Amino acid sequence: MVREDLGLTGSKKGCGIGDCGACTMLVNGVATFSCMMLAIQADGCVVETVESLAENGKLNKLQQSFVDLGAIQCGYCTPGMLMTATELLRRNPHPSEKEIRLALSGNLCRCTGYQKIVDAIKAVAGE
Amino acid sequence: MILPRFDVLVPNSVDEAFAMLSRYAEKGIRILAGGTDLLVDLRRPIIPAAIPSCEGCARHKSGSIRSTVDCGWWESDSSRESDRALLTKVQDSIHKYPEYIISLHKLKELRGIAVNEKVNLRVGAMTTITDIERSGIIREKWTALAEGADSLGSPLVRNRGTIGGNIANARPAADTFIPSVALGGVLDIHSEKGSRKVPVDSFASAPGETVMEKGEMITGIEYPAPPEFSGSAYYKLANRKALEICNVGVAVWIALEKPGGPVTDIRVALGAVGPTPILAESVKEVLVGKKPEDANIKKAAKAAREDATPIDDHRGSAWYRSMMVELVTDRMIRLAVERVGGKV
Amino acid sequence: MSKNNSYKILNTRLPRVDAIDKVTGKAIYTDDMSFPGMLYGAILHSPLAHARILNIDTSRAERLPGVKAVVTYKEAGTQPYGVSPARYDETIFCHDKVRYIGDEIAAVAAVDKDTALEAVSFIKVDFEELPVLLDGRHAMDEGQPQLHDMYKNNICARVNWNFGDIEKGRKESHIIRTDHITSKMQDAAFMEPQSVVAEVDSHGNLTMWSSTQAPHYIQRTLAMALNMPLHKVRVIKPAVGGGFGPKASCSTVELATCLLALKTGKPVKTTLDREQVFLHSRARHQFFHTMTTGVKKDGTLSFLEHHCILDGGAYASFGIATVYYAGSLLGGPYRLKNMKYDGYRVVTNKPACGAQRGHGAVIARAAFEVQLDRIAEELGMDPIELRLKNVMEAGETTCNELFVSSFGMKEALEAVRDSAAWKKKRSLAGKTRGTGKGIGAACGFFVSGAGYPIYRSKTYHCTVVTKVDEVGGGVTVSSGAADIGQGSDTVLAMITAEELGLPLDDVRVVSGDSNLSVDLGAYSSRTTLMTGHACKDAARDIKRQILEVIGGKLNIPPEKLDLKDGRVVGIDKDIDFSALREEYLQEHKGFMDLPEGPQLTFREASRIAFLEIGSVVGTGSYRPPKLGGSFKGATVGTSPAFGCSAQVAEVSVDLETGEVTVDNITGAHDCGFAINRTQVEGQMQGSMMMGMGEALMEQIIYNDKGRIMNANLAEYKIPTSLDVPHLDAIIVESNEPHGPYGAKEVGEGAIMPVIPSILNAIYDATGVRIDELPVTPERIIEALKKKRENK
């Protein structure tokens, strides 16, 4: 529904059954795969997608860090990764590498080996 | 994801939910908790596995289960044997592809973790796995449950998935089901007609099959307060470190007279080595009254292996699972004993 | 290692040109596209692995409201197509037989996805079931079910090579060993399922947007199979969410969607479900390798005798290249004078296999590198020493006539040895083998672009057209190259910016469109070297034209001028550009952002060049020189350059459960010259993760009917962030003479040493060898059990 009816195509469909995390959004602040949710379940909830991260066309710190440190290759997992990382950093602004890896463990990436994604989140968390 | 057509009912109270469950029981209704299992299960198959061919139907020659249901011929009287056989299949499919889905997401009263005055733990059916994972009291006193939560799926699955859903699906590898058996959990099952309590260890009869009747729903699960000098542990053996389906899972709860002292009670639950999570009864016979010493623990682990009935499937071989049941049981008993403050 | 040269743009860590679009959700992938009135396509897949089609009845599907077209072979025709012209064994839809569960029988276009899927389920197919062939090892045996008339005994391709003198090598050998390794079919598991949108305009021009790696080949296949003139077919690649090989061949979903668009006159979109991605596959073959290797007493390799059966599933796809690569790429990176190879690529009733990262060579490399370790143990030699003794150097030619013009193999091997503290850890582990901690090493060797196109042709492999903005200022690079996430657009932008002295933001790259230029696509790690050459030439062409105009106007020889930091500068002395500036300023009355300073800006120079000569367009074309020997199949494995790599893996193994934890991976890759250092590391780290998955957990599992039991990302296990350790990527630069700026490949070569280094580390940790991939906990325990029982 978010992709087709609202035209917010930033969230990606990678598996449709909650295995890959490409469609991760925040629902009332909780990282949620949207493929496993009926629209009616989000009724009245605050939903945040990757489109909501940049404000007035300016990347936020996390996005900028992904760009600067090369955390992106094909980019298909990127929106989901960013949303999961956003939730983590709100909950725990200074996560350790282990906590970062744990938080990302439901977001599959086939390009980067996760290294530069972890590095990019660490760079923001270390501030 | 393409789902078949169904109506979604959203009750505002548990009573309303019970009423809906009872009203639509015959038409087919399934409960949507976190959705991490149900919505996967409901998808239209890309390759229909076994389409009952609708031979007797005047309205169409063949089709998917759904279209067979939609077609409605099965409602007509038919005396033919083959039609009756098909009718059974179609009726099964109504259970799988129901007309109604009841979503419990508004029932806040079903979500929550509470410890009552008797220090029993009550976890609402709609409590998410993440809630359990982050609960300090569960990690401290019902450790195996916290460890089951840790190892279930991924953080994203845990954010949506609920303990009620995980248990109701009755899969032999369910990561909160297995420790719930060891911890002596008791389910609260309600319907419009009333309520009953069912111990988790007698809840499932086969994969996906439970003692629940039409119109019933799990509202919560209660765990007895752990006595002094008791502890628990859960470990899931799998091939990768997240997003895994348990290959062998063992949960152990043990109570000792004192740290290092004789075993007063033990419950060992085995996952993915039988049609349902198994309570390894013979471990109790081997270990109760004995000291948690090396030789006794080894014997207990062997007994657990005897209780397991693993099969060969695409996730693993029976021989490996059987061997691992013994090993992981051994390790988990030792870990639980250490958690009580003893040393093996 | 840090940048150490005079480049401003190249060899840096500039962000990718598409990075911002990708972190804001703006990047458009095929499934993100929609058009007014667009229909949705769905595919009917075979539920049986092998059956004759007796009848297809689509009438009920056609009657379903909302259905606009139903197509089967009756509409599509039966023109055979495939990847290699010698093995055109597919048709758009099955007509006589189905050959695997998932084989495509029909397609539907309807007003929405749900209707399309429902209609598909209404198509009734009568089958006559045929015996099923699933075991590739026995596919060639007498009496097996036969899949295709054109493949006698199910042999789709065979290679029999004999280089040097095996018997002589055998006689010289001190140790000879024979070992086997088998693997399972694997999936590329890119994150974006294939998606296609097709549209036909009022002049009959077909445009297809597809998540493809190779617009040019797909364009050819569409035109051929749909019987259309090539110039009427245009293939555009939007953002692609990974490919790794399977997206390099034309798929039924592409052909069927075009057919539905042609039939309905409306735009049609078909997006595969994840399960369909597995069914379509075209990913890693299953390999059964047997290798016999001999070495002299001092460790010098004397011969390799190699036998391999490749189970390729139901159709050829890229499989001929695969069976050749499996043999040819063992020619390096070691000096090996005598090599015999017998390879058989067979067909079975499983989804067709094709190319996947490290095409054909990955499991062969694993088998050989494991065998080298076993030989080192027999010789009592350190495995890295054994390798160092045999590695080739730049300027050498392999026994199968592959010439290596640059070769940082020794440097890479020494780099990982030292960086991972090999000497210290290995000697410790040597004494304590089987204690659960292990360390292992391996090398790799790969082409930097296939030397020849897939179809026999003198075609340029790529062309680039770069045009200067006629208003002055930036440039647009047009190329058919396919950025599938590896970052080729960024490479092209960086090369152009470097040559023209421009900031990266003033270079726009338009790519992935068959209308823009011929480019063979993103496969065989070819783009940086090949398209990079064309891009460099196109930029230099522009530079020449601009400087000729400016020089001509000022009466200065153009070679005394240069483009730097966005300006025209004199090489020997300062130049007075004021007359030219005046010309520019006169045109721009009222503009506020006007150039100033003593030097002429690129904006001025490019506008003045346009005023003088009209459009300033630079072109570049590249094709490799004639490469390789003259024996049959000599073209496969040739390349203008070869990448090489080394890796050390460290693992912990639970000796009771068999669980493996990879603690560390240190890899070094010789990419010749890193155009973008971050991207080179990214390719290496991605390779490490993929190789680790293939070593430890990835396998397609079939039941006895030929149905995939794990066609999803829950049970087809790829490593998660918790499985992958810190990945240490070391860049080695050997300055490749045939590459632009010295650059060559990294995308695929980097995966070569991953699997064997992990296998060798597991042996070190456990004391047992596991000859079947992936090395699951169960297989480790099985091997340990066997070892105990044999004692």
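**Exercise 1. Domains of chain C**

How far apart do the C-alpha centres of domain 1 of chain C and domain 2 of chain C lie? Work out the answer for this predicted model, and then describe the contact between domain 1 and domain 2 of chain C.

*Solution.* Begin with the division of chain C, in which domain 1 covers 33-130 + 191-242 + 246-280, domain 2 covers 286-452 + 629-790, and domain 3 covers 460-622. The C-alpha centres of domain 1 and domain 2 of chain C are 36 Å apart. Turning to the contact, 21 residues of domain 1 of chain C meet 21 residues of domain 2 of chain C. On the domain 1 side, these residues divide by class into eight nonpolar, six polar and seven charged.

**Exercise 2. Two helices and a sheet in chain C**

Determine how α15(C) and α17(C) are oriented with respect to each other, and place α15(C) relative to the sheet that it crosses.

*Solution.* First take the helix axes: those of α15(C) and of α17(C), the latter spanning residues 602-613, come within 9 Å and cross at roughly 80 degrees. Since angles of 65 to 115 degrees count as roughly perpendicular, α15(C) and α17(C) are therefore roughly perpendicular to each other. Next identify the residues that meet, which are Q545(C), I546(C), V549(C) and I550(C) in α15(C), and A605(C), S606(C), I608(C), A609(C), E612(C) and I613(C) in α17(C). By class, this contact holds seven nonpolar, two polar and one charged residues.

Then consider the sheet, an open arrangement of three strands of chain C in the order β20-β21-β22 with antiparallel pairing. Its edge strands are β20 (561-564) and β22 (600-601) of chain C, each of which pairs on one side only. Strand β21 of chain C, residues 567-570, is joined to β22(C) by two bridges, and R567(C) has T601(C) in β22(C) as its bridge partner. Finally, helix α15 of chain C, residues 527-554, lies across β20, β21 and β22 of chain C and runs at about 125 degrees to β20(C).

**Exercise 3. Burial of two helices in chain C**

Decide how far helix α6 and helix α9 of chain C are covered, and name the elements that pack against their buried residues.

*Solution.* For α6(C), residues 215-225, count the buried positions: eight of the 11 residues are buried, so this helix is largely enclosed by the rest of the structure. The buried residues are P215(C), H216(C), Y217(C), I218(C), Q219(C), T221(C), L222(C) and A225(C), and they pack against β10 (206-210), β11 (233-236) and α7 (252-264) of chain C. After α6(C) comes N227(C), whose phi is positive, near 55 degrees.

For α9(C), residues 319-328, the count gives 10 of its 10 residues as buried, and the helix is mostly covered. Among the buried residues of α9(C) are G319(C), T322(C), Y324(C) and Y325(C). The cover over the buried residues of α9(C) includes the strands β7 (155-163), β13 (286-295), β14 (301-311) and β15 (339-346) of chain C, together with helix α10 (362-379) of chain C.

**Exercise 4. Contacts of chain C with chain A and chain B**

Describe the side of chain C that touches chain A, and the side of chain B that touches chain C.

*Solution.* The contact of chain C with chain A takes 45 residues from chain C and 42 residues from chain A. On the chain C side, α1 (19-24) and α18 (677-696) each supply at least two residues, and α18(C) gives the most, with eight residues. By class, this side has 21 nonpolar, 16 polar and eight charged residues.

The contact of chain B with chain C takes 25 residues from chain B and 31 residues from chain C. Helix α13 of chain B, residues 318-340, provides the largest share of the chain B side, four residues. The classes on that side are 12 nonpolar, nine polar and four charged residues.

**Exercise 5. Domains and one residue of chain B**

Describe the contact of domain 1 with domain 2 of chain B, and decide whether P199(B) is buried, partly exposed or exposed.

*Solution.* The assignment for chain B gives domain 1 (7-103), domain 2 (110-223) and domain 3 (230-340). In the contact, 13 residues of domain 1 of chain B meet 18 residues of domain 2 of chain B, and on the domain 1 side the largest share, six residues, comes from helix α1 (residues 14-23) of chain B.

P199(B) lies in strand β7 of chain B, residues 194-199. P199(B) has 13 other C-beta atoms within 10 Å, so it is partly exposed.

Key
Residues are numbered from 1 along each chain as its sequence is written. Chains are lettered from A and ligands numbered from 1 in the order in which they are written. This is a predicted model: local features need pLDDT of at least 70, side-chain atom pairs count only at pLDDT 80 or more; totals for chains, interfaces and linings use all residues. Domain bounds come from an automatic or database domain assignment. Two residues are in contact if their C-beta atoms, placed from the backbone, lie within 7 Å. Ala, Val, Leu, Ile, Met, Phe, Trp, Tyr, Cys and Pro count as nonpolar, Asp, Glu, Lys and Arg as charged, and the others, Gly among them, as polar. A residue is buried if 20 or more other C-beta atoms lie within 10 Å of its own, exposed if 12 or fewer, and partly exposed in between; C-beta atoms are placed from the backbone. Two strands pair if DSSP finds at least two bridges between them. Axes are lines fitted to C-alpha atoms, for helices over the stretch in contact, and angles run from 0 to 180 degrees between N-to-C directions. Angles under 35 degrees count as roughly parallel, over 145 as roughly antiparallel, 65 to 115 as roughly perpendicular and the rest as oblique.
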